Amino acid sequence: MTLVLAWQTVEGIAVVADTRFGSAMRTVGEAGPKIFSVPIILNKHGKLIETNKHRLPSMGFAFAGNVFAGQTANGLASTCLQNLLVHGEFDDGPTVVEVAELYARCAAIVVNERRKWDGSDQHLFDGLVFGRDRPEAPAQAYEIRVDLDETGIAVGSAIELTQVTRGGLAALGSGGSKVTEILDKIVEAATEATPAIVNPLEILRQVMNDPDVPSVSGFQQFAVATPSGVELRPGLRPITFEMANPFPQIGPSLLTQQRFEYQILGFDMGDIGNVGKYFPGATYFASS
């Protein structure tokens with residue numbers, strides 16, 4: 001399972017998720033992507049073999065739950081969104097709710113296919129679609145739910161997360177009750193002199209470190225819906241280490257030091273390297 005958090009920032013709606021693949025019983029990997037940037041391309045038939053294309057700001061998709069089903073649904077919807085056929089002039093393209101409804105249909109299709117081979121509920125997942133109708137429009141977020149009807153058929157739905165656009169915090173997947181506990185403690189501890197400050201990245205870290213939620217762990221993945229599109233960003237992570245004191249006569253033999261490391265899904269960007277002459281760290285988030 002996974003914990004996905006969404007909230008409003010100055011740039012737009014931000015989303016963060018842990019990266020563990022597996023369950024409470026078995027870990028498959030600690031560096032699995034759960035958030036995706038979704039290209040949206042309008043196509044118009046021209047005189048040449050290749051169509052005329054109009055690329056719109058990307059939207060985003062995140063999921064919590066069955067990895068196979070979540071990634072397959074994203075593959076279906078993303079392929080559709082890169083091949084949108086326009087009759088006449090190019091326009092603003094699909095809205096966020098229209099993209100969310102597409103993901104809801106794809107999610108149901110995928111879950112129903114999986115249940116042909118295994119009739120259990122393990123293929124279910126929760127999704128999140130976020131982005132903007134137009135660059136100047138406010139960012140929006142929709143939860144993608146997959147439920148089983150009375151006949152056992154999966155049905156998808158898209159529900160707007162209005163609390164996010166109003167400044168609240170939305171949680172999907174494992175650990176939602178733990179997030180509520182943490183928020184309640186923050187509110188209880190607040191006073192007029194020290195008002196409540198909510199840091200979603202730190203909240204996610206607390207859940208990741210909690211032994212009661214073993215399925216939420218690994219590292220942190222982050223994206224934000226800017227006016228130019230959804231951006232996935234590397235993390236700047238603090239690393240604490242000890243080194244020998246060069247002057248032990250005036251202090252302890254070991255000194256605690258801290259450095260910062262760029263990482264993507266927990267992988268050191270120093271190991272990944274540059275893209276030609278370009279360093280892939282123009283933007284970042286402060287990974288907790």
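Which residue lies over the face of Phe90? In this predicted model, that place is taken by Lys44, at 4.5 Å from the ring centre. A comparable arrangement involves Phe68: the charged end of Arg114 sits over the ring of Phe68, 3.9 Å from its centre.

Rings also meet other rings. A pair of aromatic rings is described by the distance of the centres and the angle of the planes. In this structure, eight aromatic pairs are counted. One of them joins Phe61 and Phe63 in a stacked arrangement, with 6.2 Å centre to centre and 20° between the planes. Both Phe61 and Phe63 are buried.

Phe61 takes part in another stacked pair, this time with Tyr103, where the values are 4.5 Å centre to centre and 20° between the planes. This pair links distant parts of the chain. Phe61 belongs to strand S6 (residues 52-65), whereas Tyr103 belongs to helix H2 (residues 96-117), and the two are 42 residues apart. Like Phe61, Tyr103 is buried. The picture widens with Phe36 and Phe125, which form one aromatic cluster together with Phe61, Phe63 and Tyr103.

Attention now turns to the surface. Here Ile264, Phe267 and Ile272 make a nonpolar patch of about 280 Å². Ile272 is found in helix H6 (residues 269-272). Why does Ile272 count as partly exposed? The reason is its relative accessibility of 47%, since partly exposed residues fall between the limits of 20% and 50%.

Conventions. Residues numbered from 1 in each chain as written. Predicted model: local features only at pLDDT ≥ 70, side-chain atom pairs only at ≥ 80, totals over all residues. Heavy atoms only, no water. Phe/Tyr/Trp six-rings, centres within 6.5 Å; stacked < 30°, edge-to-face > 60°. Buried < 20%, exposed > 50% of the residue type's maximum accessible area, 1.4 Å probe, protein only. Helix = DSSP H or I, 4+ residues; strand = E, 2+ residues; numbered from the N terminus. Lys NZ or Arg CZ within 6 Å of the ring centre and 35° of its normal. Patch = residues over 30% accessible without salt bridge, like charges linked within 9 Å, V, L, I, M, F, W, Y side chains within 5 Å. Areas by Shrake-Rupley, 256 points an atom, 1.4 Å probe, with all protein chains shown as cover. Salt bridge = Lys/Arg side-chain N within 4 Å of Asp/Glu carboxyl O.
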